[in-house]
Amino acid sequence: MAVVCGAKASTWEGIERSESYLVSCMFEEAASLASLIIRNLMRENHQNGNVDNDGNENELHDMLESSGMVFVQSMKELARTFEILKELKHLFGSVAAIPVQVLVTGVCFQISEGTSSDVEGYLKEFLSKWIYKDEGYYFLVEADGEEPDRRFSLGVDEYLEVVDLYVMTCLGMVLRDIDSAISWVEKASLPEDKRQELLRRLNSMNASKATSSSQAPVSSLHADKHGVESKNFSKNLEPGHVASKENSVKETILKLSGRGAPCFWWFRNTTVKFGNFRLNLSNGNILLGCILLFMCYFLKRKQASLKRKQALSVKKGLVDLWQLAFSYQVNPLAAVQPLPAATRGSL
């Protein structure tokens, strides 16, 4: 038991050290240490035949989630965002074994960097490995037709977080394939109220898409009209005058853009390309989302650390009390033994 507690304490120390590397901008060291911790935890879990009680399972999940978050953030800072999901699958052995928060963070990072080509496949693979039961949990299913493994469960809210990311963000906004999103929701293993809610949101998005498509021909007519007017107007200008004016305009734009870049970075948009589709995301929204996500993660991490320290303090106090109680020896014959001679003389 002491060996197991010592191993857990050593693992937590390694996780805290990797977090310190990340805060100190030592991203290579942080990624290397976090990946080493994940590999060791997964190997020990496999050798022990997986966990057999809730306490060990929860602590293992916390360890994997903490080290996984450090690894994902380090990969982003190392400009290796496009490798995040691939490396996570390699470290954890399968997509289904990746903690939800780690998976969601990695997917968001890849979409924000425009490397969303393989995101759909990873999300779809993760969602297909879980099946909903009446108990209000999702249970892991390794292959089609097999019985769910009830040792591995996932809360409904956690599963729906991945569903929302896959259906609304990936299929609906990035790929703009709303028909596929609706078809997937209709067939997926979901609570009925959540299914209807997703279908309403997708139908609303589909209606907005149809409205914007109907306005496109009108916009193209206006563009053609303005293009003809601009062409006729340009014919009345001299070539030299046009060239000099264009150069001056370009120089002015470059000066203004260089001067205003630091001030207006917050409002710039990041274009995510996926085939012929594009999605404009505000840098401010991306930054705020990442900040909120990591604030929630670190608050949860500190809360778990505080609870763990409190539990260790209580355990240590009980052990000390137990040792004190059994280390004090009482002589049962002290009450009937005569007093020493010196003591009687003094009396």
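**Exercise 1. The pairing of α5 and α7**

Determine the handedness with which α5 passes α7 in this predicted model, and describe the contact between the two helices.

*Solution.*
Step 1. The crossing in which α5 passes α7 is left-handed.
Step 2. On the α5 side, the contact is made by V100, Q101, L103, V104, V107, C108 and I111. On the α7 side, E158, E161, V162, L165, T169 and V174 take part.
Step 3. Sorted by character, the residues of the contact of α5 with α7 comprise 9 nonpolar, 2 polar and 2 charged.
Step 4. The two axes come within 10 Å and cross at roughly 15 degrees. Angles under 35 degrees count as roughly parallel, and α5 and α7 are therefore roughly parallel to each other.

**Exercise 2. The pairing of α5 and α6**

Establish how helix α5 and helix α6 are oriented relative to each other, and which residues meet between them.

*Solution.*
Step 1. Helix α5 covers residues 100–112 and helix α6 covers residues 119–128. Their axes lie 11 Å apart, and the packing angle is about 160 degrees.
Step 2. Because an angle over 145 degrees counts as roughly antiparallel, this packing makes α5 roughly antiparallel to α6.
Step 3. The crossing of α5 and α6 is left-handed.
Step 4. From α5, the residues V100, L103, V107, Q110 and I111 meet V119, L123 and F126 of α6.
Step 5. The residues of the contact of α5 with α6 divide into 7 nonpolar and 1 polar, with no charged residue.

**Exercise 3. The largest nonpolar core**

Identify the residues of the largest nonpolar core that touch the most other members, and the helix that gives the most to this core.

*Solution.*
Step 1. The largest nonpolar core holds 70 residues. Those that touch the most other members are L88, L123, F126, Y159, V167, W184 and L190.
Step 2. Helix α7, residues 156–174, gives the most to this core, contributing 12 residues.
Step 3. Consider L88 individually. With its neighbours within four places in sequence set aside, L88 is in contact with F71, V72, I98 and V102.
Step 4. L123 and F126, named in Step 1, also belong to the α6 side of the contact with α5.

**Exercise 4. M173 in helix α7**

State where M173 is placed, and classify its accessibility.

*Solution.*
Step 1. M173 is situated in helix α7.
Step 2. Its relative accessibility is 35%. Partly exposed residues fall between the buried limit of 20% and the exposed limit of 50%, so M173 counts as partly exposed.
Step 3. M173 and M205 are 32 residues apart along the chain, and their C-alpha atoms are separated by 9.0 Å.

**Exercise 5. Positive phi outside glycine**

Which loops hold C25 and A79, and are these residues buried or exposed?

*Solution.*
Step 1. Most residues other than glycine have a negative phi. C25, although not a glycine, has a positive phi of about 65 degrees. A79, likewise not a glycine, has a positive phi of about 60 degrees.
Step 2. C25 is in the loop between α1 (2–23) and α2 (27–47). A79 lies in the loop between α3 (54–77) and α4 (84–92).
Step 3. C25 has a relative accessible area of 53% and is exposed. A79, at 60% relative accessibility, also counts as exposed.
Step 4. The C-alpha atoms of C25 and L78 are separated by 9.9 Å, with their positions 53 residues apart along the chain.

**Exercise 6. The chain as a whole**

How many helices and strands does the protein chain have, and what share of its residues counts as buried?

*Solution.*
Step 1. The protein chain has 12 helices and 5 strands.
Step 2. Of its 347 residues, 31% count as buried.
Step 3. Among contacts between residues at least 6 apart in sequence, 58% join residues at least 24 apart.

Methods: Residues are numbered from 1 along each chain as its sequence is written. This is a predicted model: local features need pLDDT of at least 70, side-chain atom pairs count only at pLDDT 80 or more; totals for chains, interfaces and linings use all residues. Side-chain values use heavy atoms; hydrogens and water are left out. A nonpolar core is a set of buried Ala, Val, Leu, Ile, Met, Phe, Trp, Tyr and Cys residues joined through side-chain atoms within 4.5 Å. Buried means under 20% relative accessible area, exposed over 50%, partly exposed in between (1.4 Å probe, protein chains only). Helices (H or I, at least four residues) and strands (E, at least two) are DSSP runs, numbered from the N terminus. Contact means heavy atoms within 4.5 Å. Axes are lines fitted to C-alpha atoms, for helices over the stretch in contact, and angles run from 0 to 180 degrees between N-to-C directions. Angles under 35 degrees count as roughly parallel, over 145 as roughly antiparallel, 65 to 115 as roughly perpendicular and the rest as oblique. A crossing is left-handed if the near helix is turned anticlockwise from the far one by less than a right angle, and right-handed if clockwise. Ala, Val, Leu, Ile, Met, Phe, Trp, Tyr, Cys and Pro count as nonpolar, Asp, Glu, Lys and Arg as charged, and the others, Gly among them, as polar.
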